[in-house]
Amino acid sequence: MPSRPALLILSFSAIHADARVLRQVRLFADTYEVTTCGYGPAPEGVAGHVRIPDELIYWRKDRTLLLQRRFAAVYRRNAVVSYLWDRLQRDHFDVVLADDVDTVPLALSLRPRGGVHADLHEYAPRQNEDVLRWRVAVAPYMRWLVRTYVTRADSVTTVGPGIADEYRRQFGVDAQVVTNAAPYAEKQATPVTDPIRLVHSGNAMSGRGIIELARAVEDVDANVTLDLYLVPNDASYLAEIAELASRSTRVRLHAPVPYAQLVTTLNAHDVGVHVLPPVSFNNYWALPNKVFDYVQARLGLLVGPSPEMARMVREHGLGEVTEDFSSGAVAAALARLTPGRVAEFKAASTRAAHELSAERQVEVWARAVDALAARSR
């Protein structure tokens, strides 16, 4: 029996907790000899794992070298890159699947026989453009990475059409799209409750519009409540949310739930809400995991006028799109919710759940990696 192709999935993240990279592992584990490289323990089902030590921080860069525009030295002297440079085998893998821009130069240096597939999780050259220091020092480096290395990848995917278009316009990178869709869940839409139960899950970070959402729920003349399941990324921001919730009869703050339990937890609610202020290019074009989680939980959706999210909601009749990103616009959309309309939105999520599932999306990865593996033979 012929041996399976050797695939390295390379990510500077904790793969066992990274939903997008885990989908790659699960997609290829049965047909490839999969080795992973990332932080944390080995994900289930892989043949091998190269663990990045927790104390090595991949995003730290030498500021002096950045300002001197010595970008090759910035990359090579990065603590994680230096650690992995001689620990990953060259001329060994048939294919390397490189997650995000930072991994692509290392992936190319490994000289896989079939080639490198780059999966770009956002538009890297404008990742933190709302921070002046980042725009001045880091953005030119990120553009260099894309121009010098991503353009050499054999195939590329990214998370949404708007971001794919920008990579094409700015760098000539022809990226296909694999959204952050959640795996299909065999769920039934629950009856609409009284009051209507709104829910938001995700990171507690400023710039996500969470406090504005909570205030809109507090102020609106509508029979709604809001449950928040938040990961404590920003302690001071979370404390501000907790203070608001402690004084509210409508807003409840919960501890985050493990991702494996998230869709089941969400299923008890009625409408998933995500109104993401467009403070950056990536926020403007965002099509995040949570909106797909809401669909798999068979919820209605309420989103802001972010192009990708609004398109998905309107195309499938999943819910409401606010006029703008203000608390007033959110309150106006909340006021339009009725039990009958919410029931229709939940039924639309049920109809769209297969089409908007990860199983449909990951076929793009399968075709790309299979093509490179065939070339290696």
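This passage describes the overall fold, the backbone exceptions and the salt bridges of a predicted model.

The secondary structure of the chain consists of 18 helices and 13 strands. A compact globule of 377 residues would have a radius of gyration near 21 Å, and the value of 22 Å computed for the chain agrees with this. The C-alpha trace extends over about 65 × 55 × 35 Å along its principal axes. Of the 377 residues, 56% are buried. Among contacts with a separation of 6 or more, 67% are made by residues 24 or more positions apart. The exposed surface of the chain amounts to about 16400 Å², and carbon and sulfur atoms contribute 50% of that area. The chain carries 43 positive and 43 negative charges, and the mean positions of the two sets lie 5 Å apart.

Most residues other than glycine have a negative phi, and most peptide bonds are trans. Departures from these tendencies occur in the model at several loop positions, described next. The peptide bond between Asp194 and Pro195 is cis, with omega of about 10°. Pro195 is located in the loop that runs between strand 7 (175–177) and strand 8 (196–203).

A positive phi is found at Asp100, where the angle is near 75°. This residue belongs to the loop between strand 4 (95–99) and helix 5 (104–109). With a relative accessible area of 24%, Asp100 is classed as partly exposed, because the cut-off for a buried residue is under 20%. Arg298, also not a glycine, has a positive phi of about 65°. The loop that holds Arg298 connects helix 13 (289–296) and strand 12 (300–303). The relative accessibility of Arg298 is 2%, so this residue counts as buried.

Side chains of opposite charge can pair when their charged atoms come close. In the whole structure, 18 salt bridges were found. One of them pairs Arg20 with Asp119, with 2.7 Å between the closest N and O atoms. Arg20 is part of helix 1 (residues 19–28) and Asp119 is part of strand 5 (residues 115–120), so the bridge ties together parts of the chain that are 99 residues apart in sequence. Both Arg20 and Asp119 are buried.

A further salt bridge links Asp227 to Arg197, and here the closest N and O atoms are 3.1 Å apart. Asp227 lies in strand 9 (residues 224–231) and Arg197 in strand 8, so this pair ties together parts that are 30 residues apart in sequence. Asp227 is buried, its relative accessibility being 0%. Arg197, in contrast, is partly exposed, at 22% relative accessibility.

Arg311 and Glu308 also form a salt bridge, with an N to O distance of 3.6 Å. These two residues are three positions apart in helix 14 (residues 307–316), which means that about one helical turn separates them. Arg311 has a relative accessibility of 37% and counts as partly exposed. Glu308 has a relative accessible area of 4% and is therefore buried. Elsewhere, Asp165, Arg168 and Asp174 are joined into one network by salt bridges that share partners.

Key:
Residues are numbered from 1 along each chain as its sequence is written. This is a predicted model: local features need pLDDT of at least 70, side-chain atom pairs count only at pLDDT 80 or more; totals for chains, interfaces and linings use all residues. Side-chain values use heavy atoms; hydrogens and water are left out. Helices (H or I, at least four residues) and strands (E, at least two) are DSSP runs, numbered from the N terminus. The radius of gyration is taken over C-alpha atoms; the globule rule is 2.2 Å times the number of residues to the power 0.38. Buried means under 20% relative accessible area, exposed over 50%, partly exposed in between (1.4 Å probe, protein chains only). Contact means heavy atoms within 4.5 Å. Accessible areas come from the Shrake-Rupley method with a 1.4 Å probe; for residues, only the protein chains shown count as cover. Lys and Arg count as positive and Asp and Glu as negative; His and the chain ends are not counted. The place of a charge is taken as NZ of Lys, CZ of Arg, CG of Asp or CD of Glu. A salt bridge is a side-chain nitrogen of Lys or Arg within 4 Å of a carboxyl oxygen of Asp or Glu.
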